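Got the viewer open? Load the model and follow along, one selection at a time.

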Amino acid sequence: MTTTHPKLQVPDRAGARPGPGTPPFWTVRRRDNLVGYLLITPQLLGSVLFVLLPLGLVVWYSLHEWNVLAGTFEFVGGQNYDRLVTDANLREVLGATALFSVGLVVLNLALALFLAILLNQGLRGTAFFRTVFFSPVVVSLVAWTIVWQFLLQDDGGLNGLLAAAGVEGPNWLRGEGTAMLSVVVVQVLKNVGLNMVLFLAALQGVPAQLYEAAELDGAGARTRFLRITVPLISPTILLTSIITVVGSLQVFAQIAVLTQGGPGVSTTVLVYYLYRQAFQFHHFGYGATLSVLLFAIVALLTLVQWRMRRRWVFNET
């Protein structure tokens, strides 16, 4: 008779296969997590190297006075932040920044929504006009601004057209009342096509049955727009408003090419003032402090818009 003895259980050694009751280390979940981490690693490294690290360095530099010409780097603590309070020009700069941002956001969003509604009617030539309105978005910003600089000069093309109609045009880029308006209009015409396309996509996603039902109930065009269109495209309005507000606070090339911050400081926005302090006057510590102020303003406005979305964005809780 042959006797069968049970196999002895040998403890696992390094590199040995797990026993029948031991789960494998590389489970499906762990493999999926590893793949996910590998996929986000490039973006994470980019964010650390090009966002978090520069932001930390800017805060560090704001606590110092860095004179590149003299080769000195001196710790001054909060002196640069005290200078923000006593800077005589900063209040006017912030006022010009607010004026530019409000004008740009209101005109850009209103015009973009108006154009999107027109193009959504399905009229002939819609594709052509959509291309015309969007084409400035892909044009080089500097080239676009230089062309408008020639058009808005005292003897430029715009005043030439007005003169042909018997109207004497102002000096658009040097007048106290027209310089800021000119910069805002140039920027609106440059980027309105992007928001227009976003609004158009949102409008095309609104079900036509809702308009038909509202029309049968006797709702007019204004009521249908306010009660159906605006609520259903409100997520897109939130997106475009955040993008436009952040972009308005970062404008630089238009000011540098068109007005150089003048006349006076009437068109000197915060980014251009930061540039002048850091790279023209070589006050790098104070320029870094202005950068921290700009970051705080952008973060605060974005947070406010994001928190207020629950009050007016459709289907947000």
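**Getting your bearings**

Show the whole chain as a cartoon: it has 13 helices and two strands. Keep in mind that this is a predicted model. Along the principal axes, the C-alpha atoms fill a box of roughly 125 × 75 × 35 Å. The radius of gyration is 29 Å, whereas a compact globule of 317 residues would come in near 20 Å.

Now switch on a surface. The chain exposes about 20,200 Å², and carbon and sulfur atoms supply 66% of that. Of the 317 residues, 32% count as buried. If you draw contacts between residues at least 6 apart in sequence, 67% of them join residues at least 24 apart.

**Stop 1: a nonpolar patch**

Select Leu 44, Leu 45, Val 48, Leu 49, Phe 50, Val 51, Leu 52, Leu 53 and Leu 57. Together they make a nonpolar surface patch with about 880 Å² of accessible area. Zoom in on Leu 53, which sits in helix α1, residues 28-62. Is Leu 53 buried or partly exposed? Its relative accessible area is 45%, so Leu 53 is partly exposed.

**Stop 2: Asp 87**

Next, go to the loop between α2 (79-86) and α3 (90-119) and pick Asp 87. With a relative accessible area of 15%, Asp 87 counts as buried. Which residues does Asp 87 touch, once you skip those up to four places away in sequence? They are Tyr 273 and Tyr 286. Show side chains here: that of Asp 87 makes a polar contact with that of Tyr 273, at 2.6 Å. A polar atom of the Asp 87 side chain also lies 3.0 Å from the backbone nitrogen of Asn 89. For a sense of scale, run a distance between the C-alpha atoms of Asp 87 and Trp 148: they are 61 residues apart along the chain and separated by 33 Å.

**Stop 3: Asn 159**

Jump to helix α6, residues 157-164, where you'll find Asn 159. Asn 159 is buried, at 6% relative accessibility. A polar atom of its side chain is 3.5 Å from the backbone oxygen of Gln 153. Beyond neighbours within four places in sequence, the contacts of Asn 159 include Leu 151, Gly 169, Pro 170 and Trp 172.

**Stop 4: Thr 244**

Move on to helix α10 (234-248) and select Thr 244. This one is buried as well, with a relative accessible area of 7%. Look back along the chain to Thr 240: its backbone oxygen lies 2.6 Å from a polar atom of the Thr 244 side chain. Leaving out residues up to four places away in sequence, Thr 244 touches Leu 104, Val 105, Asn 108, Leu 109 and Asn 195.

**Stop 5: backbone oddities**

Switch to sticks for the backbone. Most residues other than glycine have a negative phi, and most peptide bonds are trans. Start with Gly 262 and Pro 263, which are joined by a cis peptide bond with omega about -5 degrees. Pro 263 is in the loop between α11 (253-258) and α12 (270-280).

Gln 260 also lies in the loop between α11 and α12. Not a glycine, Gln 260 nevertheless has a positive phi of about 50 degrees. Gln 260 is partly exposed, at 35% relative accessible area.

Finish at His 282, in the loop between α12 and α13 (284-312). What is the phi of His 282? It is near 60 degrees, a positive value in a residue other than glycine. His 282 is partly exposed, with a relative accessible area of 28%.

Definitions and conventions: Residues are numbered from 1 along each chain as its sequence is written. This is a predicted model: local features need pLDDT of at least 70, side-chain atom pairs count only at pLDDT 80 or more; totals for chains, interfaces and linings use all residues. Side-chain values use heavy atoms; hydrogens and water are left out. Patches are made of residues with over 30% relative accessible area and no salt bridge: like charges are joined within 9 Å, nonpolar side chains (Val, Leu, Ile, Met, Phe, Trp, Tyr) within 5 Å. Accessible areas come from the Shrake-Rupley method with a 1.4 Å probe; for residues, only the protein chains shown count as cover. A salt bridge is a side-chain nitrogen of Lys or Arg within 4 Å of a carboxyl oxygen of Asp or Glu. Helices (H or I, at least four residues) and strands (E, at least two) are DSSP runs, numbered from the N terminus. Buried means under 20% relative accessible area, exposed over 50%, partly exposed in between (1.4 Å probe, protein chains only). A polar contact is a pair of N or O atoms within 3.5 Å; within protein, one must be able to donate a hydrogen and the other to accept it, and residues adjacent in sequence count only if both atoms are side-chain atoms. Contact means heavy atoms within 4.5 Å. The radius of gyration is taken over C-alpha atoms; the globule rule is 2.2 Å times the number of residues to the power 0.38.
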